[in-house]
Amino acid sequence: MLLHSKRGRTMLRYSVRSGFWKEKVLCGVFSSAQSVNTVKVRTNGNCSGVSAKKWMRPGGFDTGLKTFNSLTKQKEPLILAREGVATWYSCGPTVYDHAHLGHACSYVRFDILQRILSRLFGITVIHAMVITDIDDKIIKRSWEDNVSPSVIATVYEDGFKRDMLSLKVIPPAVYLRVTENVHHIVTFIEGIITNGHAYATKEGDVYFDIQSIGDRYGKFVGAMDSQGEPGSTNKRDSRDFALWKRSKPQEPYWESPWGRGRPGWHIECSTIASAVFGSQLDVHSGGIDLAFPHHENEVAQSEAYHQCGQWANYFLHSGHLHLKGSAEKMSKSLKNYVTIKDFLQSYSANEFRMFCLLTKYRSAIDYSDSSMLEARTSLGTISTFVQDARAYMKGQLPCSPVQEAPLWERLANTKSSVVKALADDFDTPRAISAVMSLVYHGNCQLQPVSKCEGGARSPAVFGAMVSYIREVLDIFGIDLLYSKDVDGVTTCGSLEGVVEQLTHFRSEVRAFALAHRDEPATGLYPERIPLLKACDILRNDLAPLGVLIKDRGAGSTWELTERKQRVQDPDQETSS
Ligand SMILES: [Zn+2]
């Protein structure tokens, strides 16, 4: 392996001198195994030298999907190097504090996109994520807390993974830590220097030489206006950024050809993405704030190292999360954040997903109690429909006869609308709106009647709608059935079984209490009225606990709702 051993580095230098370097780089290899693999995939046509800033449409397999590409600032056909497989790199967290909702939003949104690709379009997503476990902020925090930086990193990396689990974000195929890849990073920097795109200063820093890549720097907005990062006065250009920073006293360090130091911020992503995927990447994702300078610099480094015209074919950026009324994004430095843990005290992971689905992943998103309640209401409407449709199927909800044909047609149309919306730059709000419309029309047909007249029934079409809605929600990572477990609270025994038995018992009591004396005009038995009141109290008391009992004529149905359900629905039929 070229990069994985000391011997490998020797070979690399040898290769450079012998002119073999370029050929190896063209194949985008870090190992002979990857070299073999590249035979089977299409690589970008022009991978051998300087090209314009212009995006090159990748060769490969057209998925039929369109996605907005930050490199071109417009929707492009999503073409993958390998059929049915997407290589996907994302910048992970810097682990120095708890993750907040702004982070959650970005990770949940990309989780939804990856689920859509894999579960709806059958594309296997190979997702690699880096954990930044060495950084100025981690070092500062370790000084404040008087522990080593690695303790800080371990604590908050664990916290991050727990938060992601509680938000039902599918973990990447692999997490990679910066500190475990410093030797790769050193070799990568050596490669960039050898290719003439970086230089070391006499103080022991290494900078990327922006002028060496001409007008290819600035693929993302704002790049050209940049004044660059502060740093050594020995930088050739103010925009040059650090690949390697010499260590200051008391800081952790690694040995390198330029002395003791540690990697700059951007180089970790180029190196680690290349170590996993070689010289070509299908998709790179991150929050929009990372586009510049971070992704800009990643691109510059990677293309300088691989000597190719286009490293990552698609950059997907998610919009910021703002606290409503604030123009600023949620961030640690602005101290306007809500931690994921705190958030999950009031809302569920399903509700947060619905909140994310209701806007496009690229849009800025306003977080407030009212936007969360909107998400909760949408989810509640779907959930109630599913429960009603099931009650109807079981014969517990007598309804007037249903117009079946239009419902079958609407279901078919919904399916194709959802696929179309999601194939068009993952337009989740449009897909959710199609599902809500199906629910609306389903509800219109479920007109409860107080007495079963024994007319024709249409349980199958409602069964089809229930199955389809569950399927779509499952694609998005929402499971209505298991909503109780997502915040880590495990239930013992079967809640559903208990509620079923309880509701059955209550129905019996209620039917007994509602019985009339022999002559209807004389009304209820007065001594049974307290039973009726007890039934009402039980129903009202269970609602805030997430058990919604609805009295339908003489019978009752129940459903489990998202927790902290507000008190009874005023439209609900009362029994007293
Ligand atoms: Zn990155």
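Colleague: How many helices and strands does the secondary structure of the protein chain come to, and what makes a run count as one?
Modeller: It comes to 17 helices and 15 strands; both are DSSP runs, numbered from the N terminus, with H or I over at least four residues for a helix and E over at least two for a strand. This is a predicted model, where local features need pLDDT of at least 70, side-chain atom pairs count only at pLDDT 80 or more, and totals for chains, interfaces and linings use all residues. Residues are numbered from 1 along each chain as its sequence is written.

Colleague: What makes β5 and β11 edge strands?
Modeller: The open sheet runs β5-β4-β3-β10-β11 with parallel pairing. Strands pair if DSSP finds at least two bridges between them, and β5 (174-177) and β11 (312-318) each pair on one side only.

Colleague: How do you know that β3 pairs with β10?
Modeller: Three bridges join β3 (residues 85-94) to β10 (residues 281-287), and the cut-off is at least two, so they pair. S90 stands opposite S285 in β10.

Colleague: Which residues of α12 meet α15?
Modeller: I382, V386, A389, R390, Y392 and M393 do, against P459, F462, G463, M465, V466 and I469 in α15; contact means C-beta atoms, placed from the backbone, within 7 Å. By class, that contact has 10 nonpolar, one polar and one charged residues, where Ala, Val, Leu, Ile, Met, Phe, Trp, Tyr, Cys and Pro are nonpolar, Asp, Glu, Lys and Arg charged, and the others, Gly among them, polar.

How values were computed
Contact = placed C-beta atoms within 7 Å.
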